[in-house]
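Work through the exercises below with the sequence and the model side by side. Try each task before reading its solution.

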Amino acid sequence: MAPSLDFSKWWARDNNSSKGTPVVVTMENPNYSVLEINGPDEVFRPVDKDRGKNAKQFTWVLLLKAHKAVGCLAWLGNVLWELFGAIKKRLIFGQMENEKSGKGRLLYRVIMGFLVMALAFLAFEVVAHLKGWHYFENSNLHIPETLEIRGWLHSVYVAWLEFRADCIAPAIQALTNFCVALFLIQSADRILLCLGCFWIKFKKIKPQIEGVPYKSDFLEGSGYNYPKVLVQIPMCNEREVYEQSISAVCQLDWPKERLLIQVLDDSDDESIQWLIKGEVTQWSQRGVNIIYRHRLVRTGYKAGNLKSAMNCDYVKDYEFVAIFDADFQPNPDFLKLTVPHFKDNPELGLVQARWAFVNKDENLLTRLQNINLCFHFEVEQQVNGVFLNFFGFNGTAGVWRIKALEDSGGWLERTTVEDMDIAVRAHLNGWKFIFLNDVKVLCELPESYEAYKKQQHRWHSGPMHLFRLCLPAIITSKMMFWKKANLILLFFLLRKLILPFYSFTLFCIILPLTMFVPEAELSMWVICYVPIFMSFINILPSPRSFPFIVPYLLFENTMSVTKFNAMISGLFQLGSSYEWIVTKKAGRSSESDLLAVEERESKAMNHPQLYRGTSDSGLSELNKLKEHQEAAAPKPPVKKLNKIYKKELALAFLLLTAAVRSLLSAQGVHFYFLLFQGISFLLVGLDLIGEQMS
């Protein structure tokens, strides 16, 4: 801070002559201006920055500012031009999404109905605004008692205002208050989970291994009692990822005679079957205990595949089973870090590891998925594992005690979320779960919006279908009451049903309607402050994603359409609730995996005697495999197109129409939210997010 220089007291001593005589200084150089001093205090007053500048300097300043403005306008115009070009190209070459379920078509018709009504209301309001019929003051209707009717259109408009205020607004306001209450409850749940996570970090709470853990020094012949572990890799038409997953599992650090690997191939493409069978044969020749299984009757999707594998006679000799999906690549020490937790802990039924993603920075879609899944594992799974010993099994990267699976009824084919199904039934039978946040298994995120949307549909329709099936068993179980309440109210209703319901209803339906029915108000803190705060909380586990907080908020509201549709399908057991579509993989590997593959291939070329010890039948089998591998060489890819999603586009136009309506009432925050949310729906509806097909 600059020192205070106040000399007024000194000047006041000179017989009250503080003002002094005015002095005019005139310079011959026109670059200087005239300065008039009226007194001693005038010298120490702030000087105007523009004083002393001549006409040339003002001209240059204006030119610089104009140059900056033109540059900003050019950049904005370039962005809009590219956006419109992409939209035009997508509309010409895009492929329209095919709605298979009747519920999806019904939801699209409902959204289109709202859009048509919004356009009609907007036209009506514009005409009324141009004619000067202003009967609103701070979103409240004020119709004068002595109103002069100016024609039939004016009378219709006044009647519509009265009907809207008396009948429509109360219903919308009641639904708004209900959704806001659900929103606040769900926000409180998220805050409590975050507080629990902070407590875990502060106290450094983590599951501990009881007794002496297994060490790499203990070899197979040392007499140390390693438990027998079965590893299962279920897959279906996984051409892109089968090799790296089998390779990673075969390199697990565990005694060979205490480990058996099952490759459970449900592929219906014969060429892919031979490729996988060839990979299994190669690892078998290297001394790995690995078996290839293929079902002739492919029923029950993944649950049926796992159930069939567990029915093998040799499974009864094994104590634990580890499950990895086809795109998962565990580290060699995975079993050494997970299986020891079962030692001296007979009530433990499941040890779940965390997922890590090799392609999280591939595009904007994968970055936004990473935010959600980091919160799921870092906060939800870890907190529930520490304080409740229960969470939903993630279907992969976990180790089960086989006795816990058998006591819980084994794998059932009744839903598409067999992992959550077995977890709930094991919890009802008293088994405990452990989540290891520091044990990570590499996997892939869907890179295209089409694959991600199908995955999210299955993840949100299956739990509602399961809830209907499990509710009687939960109510009649012998668990403590608070555990039943947690399972029903928090695990199923709040996190699986309420979240997609209020997100879609509040931000995609009610908010646009309040622009056309201003008597029903939606507070600014509901659409601005609380959502941003909750998005901030969700991003905390992945701090590098903070620059994407606004896209994350808009994208989550955009995905609420898919989640709401899936939730309704599962709750009412519609056709799409039991539909399983394998998530498309790109076959990406980490740098260490690529180096390992290269090293393995170089060793294979340097040691051609790898199969010399095989019998004649074995050699003939290998020759057949090579022939089929050559026949199954990658064919030229079929040209694929990005799709156009009708529901998202209809909601985009609905939100943009509501944004135009908000301009008439000068609602700034509402306008910007509706505008950016509408653009977000437009980009997603045209499939301009995620992987782009050339």
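The exercises deal with a strand, two loop residues and a cavity.

The model is predicted, so local features need pLDDT of at least 70 and side-chain atom pairs count only at pLDDT 80 or more, while totals for chains, interfaces and linings use all residues. Residues are numbered from 1 along each chain as its sequence is written, and side-chain values use heavy atoms, with hydrogens and water left out.

**Exercise 1.** Decide how enclosed strand E10 is, and find the bridge partners of Leu350.

Solution. Strands are DSSP runs of E with at least two residues, and helices are runs of H or I with at least four, both numbered from the N terminus. Buried means under 20% relative accessible area, exposed means over 50%, and partly exposed lies in between (1.4 Å probe, protein chains only). In E10 (residues 348-357), 10 of the 10 residues are buried, so the strand is largely enclosed by the rest of the structure.

Next, look at the pairing, which requires that DSSP finds at least two bridges between two strands. E10 runs parallel to strand E12 (residues 432-443), with nine bridges joining them. With strand E11 (residues 398-401), E10 pairs in the antiparallel sense over three bridges. Leu350 has Phe433 as its bridge partner in E12 and Trp400 as its partner in E11.

**Exercise 2.** Classify Glu238 and Pro332 as buried, partly exposed or exposed, and list their contacts.

Solution. Start with Glu238, in the loop between strand E6 (229-235) and helix H5 (242-250). Its relative accessibility is 6%, so Glu238 counts as buried. Contact means heavy atoms within 4.5 Å. Leaving aside neighbours within four places in sequence, Glu238 touches Ser267, Ile272, Ala326, Val582 and Lys585.

Pro332 sits in the loop between strand E9 (320-323) and helix H8 (334-338). At 42% relative accessibility, Pro332 is partly exposed. With neighbours within four places again set aside, Pro332 is in contact with Gln251, Leu252 and Asp253. Trp254 is 78 residues from Pro332 in sequence, yet their C-alpha atoms are 8.5 Å apart.

**Exercise 3.** Which residues line the second largest cavity?

Solution. On a 1 Å grid over the protein atoms alone, a cavity is a set of points where a 1.4 Å probe fits but cannot get out, and lining residues have an atom within 4 Å of a point. The lining consists of Leu388, Phe390, His427, Trp482, Lys483 and Asn486. Helix H13 (residues 481-516) gives the most to this lining, with three residues.

Terms used: 1 Å grid on protein atoms, 1.4 Å probe; cavity = no way out; pocket = protein on both sides within 12 Å on 5 of 7 lines; lining within 4 Å.
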